[in-house]
Protein chains: 2
Amino acid sequence: MDVKTLCLGVLSLGDASGYEIKKVFEDAFSHFYVAGFGSIYPALAELTREGYVTCSDVEQEKRPAKKVYHLTGSGAAAFRTALAETYPSHKVRSDFMVLLVFADLLTPAQLAGVLQQRLADIDDTLSHIRACTGRDDCVSSSGAAFAAGIARAMLEAGREYIVQNREGLLQGLENKDTES
Amino acid sequence: MDVKTLCLGVLSLGDASGYEIKKVFEDAFSHFYVAGFGSIYPALAELTREGYVTCSDVEQEKRPAKKVYHLTGSGAAAFRTALAETYPSHKVRSDFMVLLVFADLLTPAQLAGVLQQRLADIDDTLSHIRACTGRDDCVSSSGAAFAAGIARAMLEAGREYIVQNREGLLQGLENKDTES
DNA sequence: CATATCATGTAACCGGTTACATGATTCC
DNA sequence: GGAATCATGTAACCGGTTACATGATATG
């Protein structure tokens with residue numbers, strides 16, 4: 001699923017500007033999809049060319065003007081088709097786990113720091129998810145709540161595993177040090 | 001962390017050919033890092049040019065000849081430096097969750113299929129991790145076991161959440177259908 | 001003789017990131 | 001006046017994927 005398709009999805013929830021779409025990405029999708037302005041703005045331009053969205057300039061009081069995008073019928077149809085064809089992949093890219101695999105090349109202090117940092121990041125993500133779940137201005141379909149529930153359950157399980165087992169890992173590696 | 005750096009990491013565990021490195025990626029790293037031949041072979045060529053690895057042709061009986069790569073001192077040093085500078089990121093890119101967020105644009109049958117497929121994929125990943133943990137020819141440091149433990153805990157929690165809550169999600173969306 | 005596995009590579013392409021560039025408006 | 005937020009865009013770059021191309025060896 002590319003940024004273009006996801007923009008159609010966001011617009012299926014209501015008209016929005018590029019800037020506002022970026023916010024939806026950050027608020028509602030950030031734990032499973034990341035996109036920056038550098039991909040969103042060109043995506044919207046292309047979708048406009050293709051007739052999947054229309055664009056209108058909207059003047060605002062107390063704010064700079066913005067371009068509000070609106071999903072067309074063909075855009076909605078294209079999005080539904082894309083959804084039906086999308087394989088439900090779930091990919092992880094984790095430098096954290098790479099560091100763990102090569103933990104014996106780190107000092108115990110470095111490893112402890114890595115684990116601490118990961119715990120802090122998990123907590124950040126969890127509070128971000130909790131903050132968004134139940135907020136009105138956020139995407140709040142039952143499906144979104146379900147996705148948030150899965151993410152939460154997985155993060156909490158990972159957190160728990162780290163808290164429960166880190167002492168053992170750290171001690172095992174320290175002993176290895178003294179052995180040599 | 002790029003493929004080049006990860007190749008140094010694999011070679012820090014022992015000499016290997018490109019083909020063998022690919023296997024390590026598949027066996028030990030596949031649940032948190034994916035890489036194909038198209039990135040591994042060019043990476044090894046570049047590492048050779050940079051002096052981080054050396055390469056020697058090895059003839060084999062009953063098999064085509066292979067190029068075995070060996071980590072140099074500067075390669076080992078470069079890898080340790082890279083590890084120390086790596087932020088322990090853990091990124092998820094999930095089309096599965098995108099489908100969930102827009103579940104109301106799917107038929108109940110499609111949604112059920114998506115959930116079923118995800119459960120099957122989780123089971124595949126879990127059995128893959130179990131198969132690798134404890135196998136001798138696999139990377140088997142205590143850090144690798146720890147990473148596998150986290151992955152396992154997270155996958156099982158996600159699996160459990162789906163199994164426990166999918167009925168509710170499916171029924172909620174079916175009712176929505178009859179409402180209209 | 002076909003299929004599978006082992007083995008190595010190249011080149012085009014693609015999607016996304018990063019950095020750059022600009023400017024309005026608001027609040028302290 | 002400076003910082004923060006709102007707002008839109010472009011262009012270079014980069015890492016990785018995909019498809020292509022080749023060929024040895026082994027097994028059924």
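**Figure 1. Polar contacts between protein and the phosphates of DNA strand C in the predicted model**. A backbone N or O atom of Tyr19(B) lies 2.9 Å from a phosphate oxygen of DNA strand C, a polar contact being a pair of N or O atoms within 3.5 Å, where, within protein, one must be able to donate a hydrogen and the other to accept it, and residues adjacent in sequence count only if both atoms are side-chain atoms. From chain A, an N or O atom in the side chain of Tyr33(A) is 3.0 Å from a phosphate oxygen of DNA strand C. A polar side-chain atom of Lys23(B) lies 3.4 Å from a phosphate oxygen of this strand. In this predicted model, local features need pLDDT of at least 70 and side-chain atom pairs count only at pLDDT 80 or more, whereas totals for chains, interfaces and linings use all residues, and side-chain values use heavy atoms, with hydrogens and water left out. Residues are numbered from 1 along each chain as its sequence is written, while chains are lettered from A and ligands numbered from 1 in the order in which they are written.

**Figure 2. The protein surface near DNA strand C**. Surrounding the strand are 24 residues, of which the closest are Lys62(A), Tyr19(B), Tyr41(B), Gln60(B) and Lys67(B); a residue is near the strand if one of its heavy atoms lies within 4 Å of it. By class, the surface comprises nine nonpolar, seven polar and eight charged residues, with Ala, Val, Leu, Ile, Met, Phe, Trp, Tyr, Cys and Pro counted as nonpolar, Asp, Glu, Lys and Arg as charged, and the others, Gly among them, as polar. β3(B) gives the most to this surface, with six residues, the helices (H or I, at least four residues) and strands (E, at least two) being DSSP runs numbered from the N terminus. On the DNA side, 73% of the atoms of strand C within 4 Å of the protein belong to sugar or phosphate, and the rest to bases.

**Figure 3. The relation between chains A and B**. Chain A is superposed on chain B by a rotation of 180° with 0.0 Å of shift along its axis (RMSD 0.0 Å), the fit being made by least squares on the C-alpha atoms of residues with pLDDT of at least 70 in both copies. This is the relation of a two-fold axis. The same surface serves both copies, since 100% of the contact residues of chain A recur in chain B, where contact means heavy atoms within 4.5 Å.

**Figure 4. The elements of chain A**. The chain has seven helices and four strands, which run α-β-α-α-β-β-α-β-α-α-α from the N terminus on.
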